[in-house]
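Q: I am new to this structure and would like to learn how to read it. Can we go through it feature by feature?

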Amino acid sequence: MKGDDDTIALLLKESVGDSIRWHLDVKSLSRAFVHAFIAKNSTLMVVLLARGAEVNEADSFARTPLMIAAQRGDIEQARFLLLNANACVDGKALILASSRGHLEMVDLLLAAGADVNATTHKRTWSLINAPLLQLYSWFSIEDKTALNYAVKRGHAEIVDKLLQNELAYHQSTKRESLNRALIYASKRGFAEILKRLLTVREIDVEVTDSSQRTPLMRASENGHIEVMKHHTPLWLPTNSHIPKHSKIVQLLLERNVDMNKKCKKGTTALMYALQKGNKDIARMLMVHAGEQEVIIEMMLALQVFELK
């Protein structure tokens, strides 16, 4: 209500609750608490809590105060909510902290009992071809865990911390989360993260993504990123090294993955390497397959594969 918004604004401006006439219901008090929390107005936060504000109220972006603190990496505010306000600890705060690379926050939330199985839902668009008509439709829902976000952003320490809590994972969630993490690490060239993932017994090195590409295919396809010198992809953390896809290919080959698997397009890992001009990876794959050196050099020079 407009009147409530005006009162909330006045509360924030005055910062003192006792000098104002209180005619707010719990919902309005809780909304005021969210605004005070975002503004880091600790005095008003305490007053509002004493008046009955609900600490788990969400803002217009569906973020609770604890989620906002996790996203910011604000340990002091998070501790206030957990110790003094009895905030509800759910997995979404853990996902935000893991995605942003806030290791200390991840430690705090795990100690408070955050659910490692929690997921976010991301829908993607697909183009459906129909006679005389092209329709865009929601077709895919990806359930990503904190582990998936940490892997995707290259936060190795957080990945290790989340995997140390592997007993907290539900079996189905764990398997799906690990497999998706393996695809992400292979695609983005995070060799140390992939090496850590391979220590988990349930990992499936032959897992495929929606286009039936294996981790080996993903690494072989994206190996060209290794030679980038003047451009760092936006998804790389600022303290990250250039991705090492050739190291990932080596790690996967040591696990005896199937080199001859094909994706939906009928393309193998070797074909991807040659198609993208990743000759070092192509050479590695052919040596592993037992090809003679003279044949390898000829194929690399000519690149005579006809890709489907």
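Q: Among contacts in the protein chain between residues at least 6 apart in sequence, what percentage join residues at least 24 apart?

A: A contact means heavy atoms within 4.5 Å. In the protein chain, 63% of the contacts between residues at least 6 apart in sequence join residues at least 24 apart. This is a predicted model, in which local features need pLDDT of at least 70 and side-chain atom pairs count only at pLDDT 80 or more, while totals for chains, interfaces and linings use all residues. Residues are numbered from 1 along each chain as its sequence is written, and side-chain values use heavy atoms, with hydrogens and water left out.

Q: How many helices and strands does the secondary structure of the protein chain come to?

A: Helices (H or I, at least four residues) and strands (E, at least two) are DSSP runs, numbered from the N terminus. The protein chain has 16 helices and two strands.

Q: What percentage of the residues of the protein chain count as buried?

A: Buried means under 20% relative accessible area, exposed over 50%, and partly exposed in between (1.4 Å probe, protein chains only). Of the 308 residues, 47% count as buried.

Q: What area does the protein chain expose, and what do carbon and sulfur atoms supply?

A: Accessible areas come from the Shrake-Rupley method with a 1.4 Å probe; for residues, only the protein chains shown count as cover. The protein chain exposes about 16,800 Å², and 51% of that area is supplied by carbon and sulfur atoms.

Q: Now a single residue: does Ser98 count as buried or exposed?

A: Ser98 belongs to helix 6 (residues 91-100). Ser98 counts as buried because its relative accessibility is 0%. Setting aside residues up to four places away in sequence, Ser98 touches Val106, Ala146, Ala150, His155, Ile158 and Leu162.

Q: Which backbone oxygen lies 2.8 Å from a polar atom of the side chain of Ser98?

A: A polar contact is a pair of N or O atoms within 3.5 Å; within protein, one must be able to donate a hydrogen and the other to accept it, and residues adjacent in sequence count only if both atoms are side-chain atoms. For Ser98, the backbone oxygen at 2.8 Å from a polar atom of the side chain is that of Leu94.

Q: At what angle do the axes of helix 6 and helix 8 cross?

A: Axes are lines fitted to C-alpha atoms, for helices over the stretch in contact, and angles run from 0 to 180 degrees between N-to-C directions. The axes of helix 6 and helix 8 (residues 146-153) come within 8 Å and cross at roughly 10 degrees. Helix 6 is therefore roughly parallel to helix 8. Angles under 35 degrees count as roughly parallel, over 145 as roughly antiparallel, 65 to 115 as roughly perpendicular and the rest as oblique.

Q: Which residues in helix 6 and helix 8 meet?

A: From helix 6, Leu94, Ile95, Ser98 and Ser99 meet Ala146, Tyr149, Ala150 and Arg153 of helix 8. The residues of this contact divide into five nonpolar, two polar and one charged. Ala, Val, Leu, Ile, Met, Phe, Trp, Tyr, Cys and Pro count as nonpolar, Asp, Glu, Lys and Arg as charged, and the others, Gly among them, as polar.

Q: Which residues are buried in helix 13?

A: An α-helix has 3.6 residues a turn, so residues three or four places apart point the same way. In helix 13 (residues 245-254), the buried residues are His245, Ile248, Val249, Leu251, Leu252 and Leu253. They pack against helix 10 (171-188), helix 11 (191-197), helix 12 (215-221) and helix 15 (279-288).

Q: What is phi of Asn256, the residue that follows helix 13?

A: Most residues other than glycine have a negative phi, and most peptide bonds are trans. Asn256 has a positive phi, near 60 degrees. Asn256 sits in the loop between helix 13 and helix 14 (269-275), and is exposed, with a relative accessible area of 62%. Asn86 has a positive phi of about 55 degrees. Asn86 is in the loop between helix 5 and helix 6, and is exposed at 66% relative accessible area.

Q: With which side chain does the side chain of Asp209 make a polar contact?

A: The partner is the side chain of Arg218, at 2.9 Å. Asp209 is in the loop between helix 11 and helix 12, and is buried, with a relative accessible area of 17%.
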